Each structure stands twice: as C-alpha cells, then as structure tokens.
Amino acid sequence: MSEFLKILLIVLLSSVKFAAGPPFAYYDNIYDFTFFETNLYCVLGGMLGVTVIIFLSHTLAKAWRWIVNIFKKLIKNYLPVDSELNTEPEPPKRIKIFTRRNRRIVKVWKDYGLIGIAFITPVILSIPIGTFIATRLSQDKRKLFIYMFFSIVFWSVLMTSLFELYQVVSVRELEDAVNQ
C-alpha cells in the first residue's frame with residue numbers, strides 16, 4: 001500500500017469518525033507512523049471534517065427541509081378524503097421526541113456552551129454531527145473553528161499518547177493494559 005493511500009485513509013477516517021483515527025493508525029504494522037505523524041494526520045482529518053460541515057451546514061439544512069417538504073406533500077396527496085364532508089382528515093399532531101442523547105446534548109449546551117459541544121464532539125458525537133449541531137446553536141463560525149481545533153488536538157494527543165505509552169495496537173489491548 002502506498003504511503004499516500006495510508007495517509008489518505010487516516011485523514012478521511014478522522015474527518016468522519018475521529019475517535020477511530022488514532023486506533024486505526026496503530027491497528028496494523030503497515031501503518032508505521034511516528035507519534036507526530038499520527039497526530040498530524042488525525043488533526044488534519046478532523047479539521048477537514050469540521051471545515052466541510054461548517055461551510056455546508058446551511059446547505060444541508062436547506063436540503064433537509066426541502067426533502068421533508070416533498071414528503072409532506074406526497075403524504076398529503078395520498079391521504080384519504082372524507083367523502084361526507086369532502087375535507088381532508090386532520091393530520092396527527094407532531095410530537096417532539098427528546099431522546100436521552102438529545103437531552104444530554106441540550107444539557108451540555110446549557111451548562112458549558114460551545115466549548116462543551118466542541119469538547120465532546122470528536123469522541124462522542126463524531127465530527128459531522130457535533131459540528132452540525134454546533135453550527136445550528138452558534139452563529140460564530142470562527143469561534144467554533146478554534147474550539148474544535150483545540151478539542152481535536154487535545155483528543156488526538158491524548159489517544160496517541162495512550163497507545164504509545166502502553167505499546168498497544170488496539171483499543172481492546174489498551175483497555176486490558178489499563179485494567180492490569
């Protein structure tokens with residue numbers, strides 16, 4: 001496997017699911033990156049994901065609303081018409097569903113703001129989802145970019161340091177080494 005392809009895999013993986021980037025870099029002997037290279041490629045990937053989502057979040061939100069409106073129109077066209085009154089039946093009331101995950105995100109936002117969302121994004125939410133949520137909750141893209149950068153650097157250095165410190169190549173081995 002060429003060096004460029006190895007780097008590209010780590011960068012692309014880190015841009016989508018950051019927490020998988022450093023373990024993937026250590027998973028096999030074919031990825032013989034140094035500590036600095038692993039951190040560099042993971043941070044580059046994470047920031048690539050953040051940048052793409054920041055600039056596309058408005059377009060993605062518009063596209064989502066457009067798709068939802070199309071489905072609403074389709075459903076409305078195929079609802080049966082009440083023959084006696086010649087009216088359409090009332091659509092059911094939309095109930096907002098707050099899952100445990102949604103509640104936790106709102107709690108983090110209320111307690112810690114943008115810094116809290118940026119901190120949990122790389123390891124818990126994933127780069128695209130966390131960045132999209134943050135762009136919807138905050139309009140300051142520059143601040144979001146800076147907070148995400150520091151969060152990604154922190155998590156990259158922490159994860160890579162743990163893999164280097166314990167000389168392991170997988171998360172399961174790291175867990176076993178820490179528990180001993």
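The largest pocket of this predicted model has a volume of about 640 Å³. Its lining comprises 17 residues, and those that lie nearest the centre of the pocket are Trp64, Asn102, Phe132, Ile133 and Arg136. Sorted by class, the lining of the largest pocket contains 11 nonpolar residues, two polar residues and four charged residues. Three helices each supply at least two residues of this lining: α3 (35-78), α4 (100-125) and α5 (127-137).

Of these helices, α4 merits a separate description. Helix α4 has 26 residues, and a straight helix would reach 38 Å at 1.5 Å a residue; the end C-alpha atoms of α4 are, however, only 13 Å apart. A bend accompanies this short span: at Tyr112, α4 bends by about 130°. The buried residues of α4 include Ile105 and Val108. Also buried in α4 are Gly113, Leu114, Gly116, Ile117, Ala118, Ile120, Thr121, Pro122 and Leu125.

Helix α4 also takes part in the aromatic contacts of the model. The count of aromatic pairs comes to five. Phe119 and Trp155 form a tilted pair, with 5.2 Å from centre to centre and 45° between the planes; for a pair to count as tilted, the angle must be neither under 30 degrees nor over 60. Because Phe119 lies in helix α4 and Trp155 in helix α6 (residues 141-166), this pair ties together parts that are 36 residues apart in sequence.

The two partners differ in their accessibility class. Phe119 has a relative accessibility of 39% and therefore counts as partly exposed, whereas Trp155 has a relative accessible area of 16% and is therefore buried. The dividing value here is 20%, since buried means under 20% relative accessible area.

Trp155 has a further aromatic partner in Phe154. The ring centres of Phe154 and Trp155 are 5.2 Å apart and the ring planes stand at 75°, so this pair is edge-to-face. Phe154 counts as partly exposed because its relative accessibility is 41%. Taken together, Phe119, Phe154 and Trp155 form one aromatic cluster. Within that cluster, Trp155 is paired with Phe119 in a tilted arrangement and with Phe154 in an edge-to-face arrangement.

Helix α4 thus links the topics treated above: α4 supplies at least two residues of the lining of the largest pocket, bends by about 130° at Tyr112, and contains Phe119, whose partner Trp155 lies in helix α6.

Note on methods
Residues are numbered from 1 along each chain as its sequence is written. This is a predicted model: local features need pLDDT of at least 70, side-chain atom pairs count only at pLDDT 80 or more; totals for chains, interfaces and linings use all residues. Side-chain values use heavy atoms; hydrogens and water are left out. On a 1 Å grid over the protein atoms alone, a cavity is a set of points where a 1.4 Å probe fits but cannot get out, and a pocket is an open set with protein on both sides within 12 Å along at least five of seven lines; lining residues have an atom within 4 Å of a point. Grid points are joined across faces, edges and corners, and a volume is the space filled by probe spheres set on the points. Helices (H or I, at least four residues) and strands (E, at least two) are DSSP runs, numbered from the N terminus. Ala, Val, Leu, Ile, Met, Phe, Trp, Tyr, Cys and Pro count as nonpolar, Asp, Glu, Lys and Arg as charged, and the others, Gly among them, as polar. Rings of Phe, Tyr and Trp (its six-membered ring) pair if their centres lie within 6.5 Å; planes under 30 degrees apart count as stacked, over 60 as edge-to-face and the rest as tilted. Buried means under 20% relative accessible area, exposed over 50%, partly exposed in between (1.4 Å probe, protein chains only). The expected span of a helix is 1.5 Å times one less than its number of residues. The bend at a residue is the angle between axes fitted to the seven residues ending there and the seven starting there.
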